[in-house]
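Here are some short exercises to work through with the model open beside you. Try each task before reading its solution.

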Amino acid sequence: MDMSTTLRSYLYVPCDKARMIDKSLILDSDAVIFDLEDAVAGSRKQIARENLVSRTTAIKASNKPTLVRVNGVDSPFFSEDLAACLEVGVWGIVVPKADADALRYVDKEISSSTSRNRDIRIIPLIETAYALETISEIVTVSDRIAAAQFGAEDFTDDLGIERTVAGDEISYARNRFAIACRGRGKGAVDTPCTDFHDSDTLLRDIHRARAAGMTGKTCIHPSQIAVVNDAFLPSEKEVIESSHIWELWKSAVSAGDGTVVYHGKMIDRPIAMRAERVVNIAKRHGLTLSPDSQYYQAQTRTSGYDNGTT
Ligand code: COA
Ligand code: MG
């Protein structure tokens with residue numbers, strides 16, 4: 001399974017904004033997506049590419065999975081965008097308005113290049129009704145596909161439906177998207193919350209994304225990173241309960257029992273396995289349960305390369 005399933009936060013950065021690029025490399029997001037597409041005006045595409053290439057050393061030094069959202073394959077910018085990505089040696093590229101044919105083309109362009117930086121993942125952006133309908137083909141069309149991102153703004157526009165804060169209109173799409181990605185062992189990355197001043201709205205949005213099976217979420221502002229990182233980890237309650245259930249289950253199995261009761265509820269193998277998964281995530285993140293505090297504490301800050309949610 002690709003490590004993309006363990007990345008929680010992906011910070012979008014308009015690539016023509018040099019100050020934001022430099023800042024993004026030292027922020028706590030698990031991954032960064034430098035945008036060459038919609039956040040950059042047509043007249044600034046070249047500046048944006050130059051900003052990217054000139055930061056090759058800093059990008060490598062950041063030790064962060066760095067992605068670039070290129071312009072669409074049918075745009076006049078795509079070839080130069082891809083050339084810049086190959087020059088830098090980025091971790092992955094996000095392909096907007098993806099469909100299977102476009103992705104085959106991108107895969108071929110990367111594979112046939114003579115660059116030594118061809119080890120590039122592809123993250124299709126699912127943002128049309130057609131893409132959602134063909135998502136099983138999309139996520140398996142190339143071995144380079146490590147994850148996919150859901151783009152709700154273009155998706156709802158494509159359907160001609162209203163986009164609301166609550167997001168009922170995207171709940172089916174989120175479910176379908178996440179199941180298709182997870183069913184193939186790929187990361188499922190949620191659409192950004194555009195209301196970046198309101199952390200309550202963001203939290204509600206994340207809870208819906210997690211409930212659908214998303215493994216991570218895109219951010220558009222630094223203030224969203226910590227909220228996303230924390231919300232994609234188990235809560236203190238989950239960790240405490242899971243540790244109890246896992247210990248209880250192990251004792252039961254040693255004593256030859258297949259089920260055990262915890263606070264009036266039956267615990268059997270799948271429930272115990274889920275508890276073990278939560279305990280393992282907590283361990284991987286150095287989350288400890290303090291006897292003095294109601295809240296667990298992250299003893300070590302995690303890097304993008306070791307922060308599993310699965
Ligand atoms: N990445 C890195 N740094 C960012 C950032 C980002 N996405 N968004 C804001 N910052 C920085 C600003 O540079 C500023 O830093 P400074 O004070 O050291 O100069 C600080 O965070 C506070 O920024 P703020 O003033 O609150 O935001 P803003 O009004 O300048 O910008 C947005 C708001 C939404 C325009 C901006 O956050 C943005 O461009 N986000 C990404 C948009 C994008 O890429 N969209 C495409 C994908 S959906
Ligand atoms: Mg879009």
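**Exercise 1.** Is Ala83 buried, partly exposed or exposed, judged by its relative accessibility?

*Solution.* Before starting, note that this is a predicted model, in which local features need pLDDT of at least 70, side-chain atom pairs count only at pLDDT 80 or more, and totals for chains, interfaces and linings use all residues. Residues are numbered from 1 along each chain as its sequence is written, chains are lettered from A and ligands numbered from 1 in the order in which they are written, and side-chain values use heavy atoms, with hydrogens and water left out.

Step 1: recall the classes, where buried means under 20% relative accessible area, exposed over 50% and partly exposed in between, with a 1.4 Å probe and protein chains only. Step 2: Ala83 has 44% relative accessibility, so this residue is partly exposed. Step 3: place Ala83 in helix α4; helices here are DSSP runs (H or I, at least four residues), as strands are (E, at least two), numbered from the N terminus. Step 4: look across to Ser113, which is 30 residues from Ala83 in sequence and 9.1 Å away, C-alpha to C-alpha.

**Exercise 2.** Find which residues coordinate the magnesium ion (ligand 2), and locate them in the chain.

*Solution.* Step 1: search for donors, meaning N, O and S atoms within 2.8 Å of the metal (3.2 Å for Na, K and Ca); water is not among the atoms, so sites may look incomplete. Step 2: the ion is coordinated by Glu127 (OE) and Asp154 (OD), at 1.9 to 2.3 Å. Step 3: the two residues link distant parts of the chain, being 27 residues apart, with Glu127 in the loop between β5 (121-126) and α6 (129-133) and Asp154 in helix α8 (residues 152-159). Step 4: compare their exposure. Glu127 is buried at a relative accessible area of 2%, while Asp154 is partly exposed at 21%.

**Exercise 3.** Describe the surroundings of ligand 1 and its polar contacts.

*Solution.* Step 1: collect the residues with a heavy atom within 4 Å of the ligand. There are 15 around ligand 1, and Tyr12, Arg19, Lys23, Ile220 and His221 come nearest. Step 2: look for polar contacts, here pairs of N or O atoms within 3.5 Å. A nitrogen atom of the ligand lies 2.8 Å from a polar backbone atom of Tyr12. Side-chain N or O atoms of Arg19 and Lys23 lie 2.7 Å and 2.9 Å from an oxygen atom of ligand 1. Step 3: ask which elements contribute. Both β1 (9-14) and α1 (18-24) supply at least two shell residues, and β1 gives the most, with four.

**Exercise 4.** Work out how many aromatic pairs the model has, and classify two of them.

*Solution.* Step 1: apply the rule that rings of Phe, Tyr and Trp (its six-membered ring) pair if their centres lie within 6.5 Å; planes under 30 degrees apart are stacked, over 60 edge-to-face and the rest tilted. The count is three pairs. Step 2: Phe78 and Tyr105 have ring centres 6.0 Å apart and planes at 45 degrees, so they are tilted. Phe78 is in helix α4 (residues 78-88) and Tyr105 in helix α5 (residues 100-111), so this pair ties together parts 27 residues apart in sequence. Step 3: for Phe150 and Phe155, the centres are 5.4 Å apart and the planes at 65 degrees, so the pair is edge-to-face. Phe150 is buried at 0%, and Phe155 is buried at 4%. Step 4: add Phe177, which forms one aromatic cluster with Phe150 and Phe155.

Methods: A polar contact is a pair of N or O atoms within 3.5 Å; within protein, one must be able to donate a hydrogen and the other to accept it, and residues adjacent in sequence count only if both atoms are side-chain atoms.
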